[in-house]
Amino acid sequence: MSAAGRMHVGLLAEGVQPVQPRLSQAILGLIADTLREAWADLSARSPDVLRADHEPGITSLLEGWLRSRLERLQPSVCAVARGSETVNHAGTRLEVRPDLVFSFPPVSGSTAHIYPLHVECKLLDRRSERRVSQYCADGLSRFVVGDYGWARQEGMMIAYVRDDARLPDTLADYLDGAPPTLYLTLSPPLMTGRDARTRHDRADVRHPQWRPGPIDIRHVWLICPAP
């Protein structure tokens, strides 16, 4: 770990609760529902963009929609940002960038506002070789190894789906066939409304003052509009 990394992790740890309290299902549900509201509006106004643009372009549209209508998330969420730099759990990587972060307002006696909800976004499109294997290897794994969400008990994955991949079966089939040590899956995809939730161990994620334990990932899959 670099000196800057050690200092950063140490500063974050000062006065921080050993493990951040779980986010309520109401807050996670609000975020997921607002994402779907944004997607429905963008699908009506810009269907060609959602069908053809690359992932950063779509995520940028989503961020803009959310920021311009932040009142839909308030007072539970105070800010939404794309590509905010953060540090991994060990301080060995100082420039990790979740695709989206949802920040929470300060509350007296709590440090939860220091750690936003990290969200990773991926395309699912067989025609461009964007499969669920990449969704997991380049997205889900970042939570498991402690790049994202290391002080939280939950994270979120968003898929922009352009093929017939669907929850929970597509994700369940892939995780069931993956080596057990790859994603450390403790719970297969369980549906929560229209979303799925998985739980993963983080055995190798160690903070100088605590081990955060398993992480729950909420999977929000947004279906691209048909031509």
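The following dialogue examines how the labels attached to this predicted model follow from their definitions.

Trainee: Which conventions apply to the model?

Mentor: The model is predicted, so local features need pLDDT of at least 70 and side-chain atom pairs count only at pLDDT 80 or more, whereas totals for chains, interfaces and linings use all residues. Residues are numbered from 1 along each chain as its sequence is written, and side-chain values use heavy atoms, with hydrogens and water left out.

Trainee: Why is the pair of Arg 72 and Glu 37 called a salt bridge?

Mentor: The term requires a side-chain nitrogen of Lys or Arg within 4 Å of a carboxyl oxygen of Asp or Glu. In this pair the closest N and O atoms are 2.7 Å apart, so the salt bridge definition is met. A search of the whole structure finds 18 salt bridges.

Trainee: What makes Arg 72 and Glu 37 a link between distant parts of the chain?

Mentor: Arg 72 lies in the loop between helix H4 (55–68) and strand S1 (79–82), while Glu 37 belongs to helix H2 (residues 25–45), and the two are 35 residues apart. Helices (H or I, at least four residues) and strands (E, at least two) are DSSP runs, numbered from the N terminus.

Trainee: Are Arg 72 and Glu 37 buried, exposed or partly exposed?

Mentor: Buried means under 20% relative accessible area, exposed over 50%, and partly exposed in between, with a 1.4 Å probe and protein chains only. Arg 72 has a relative accessible area of 33% and is therefore partly exposed. Glu 37, at 34%, also counts as partly exposed.

Trainee: How do you know that Glu 129 and Arg 131 form a salt bridge, and which class of exposure has each residue?

Mentor: Their side chains meet at 3.5 Å, N to O, which the cut-off for a salt bridge admits. Glu 129 is exposed because its relative accessible area is 53%, whereas Arg 131, at 36%, is partly exposed.

Trainee: What makes Glu 129 notable in its backbone?

Mentor: Most residues other than glycine have a negative phi, and most peptide bonds are trans. Glu 129 is not a glycine, yet has a positive phi of about 60°; the residue is placed in the loop between S3 and H5. Leu 184 likewise has a positive phi, of about 50°, without being a glycine. Leu 184 is found in the loop between helix H7 (180–183) and strand S5 (185–192), and its relative accessible area of 25% makes it partly exposed.

Trainee: Where are cis peptide bonds found?

Mentor: One joins Gln 74 and Pro 75, with omega about 5°, and Pro 75 lies in the loop between H4 and S1. Another runs from Leu 167 to Pro 168, with omega near -5°; Pro 168 lies in the loop between S4 and helix H6 (169–177).

Trainee: Why is the pair of Tyr 135 and Trp 221 called edge-to-face?

Mentor: Rings of Phe, Tyr and Trp (its six-membered ring) pair if their centres lie within 6.5 Å; planes under 30 degrees apart count as stacked, over 60 as edge-to-face and the rest as tilted. The centres of these two rings are 5.5 Å apart and the planes stand at 80°, so the pair is edge-to-face. Tyr 135 in helix H5 (residues 132–144) and Trp 221 in strand S7 are 86 residues apart. Tyr 135, at 0% relative accessibility, is buried, and Trp 221, at 5%, is buried as well.

Trainee: What makes the pair of Tyr 174 and Tyr 183 tilted?

Mentor: The rings are 6.1 Å apart, centre to centre, with 55° between the planes, so the angle falls in the tilted class. Tyr 174 is partly exposed at 23%, whereas Tyr 183, at 3%, is buried.

Trainee: What makes a set of residues a nonpolar core?

Mentor: A nonpolar core is a set of buried Ala, Val, Leu, Ile, Met, Phe, Trp, Tyr and Cys residues joined through side-chain atoms within 4.5 Å. The largest has 31 residues, of which Ile 31, Leu 62, Phe 102, Leu 117, Ile 158 and Tyr 160 touch the most other members. Its largest share, eight residues, comes from H2.
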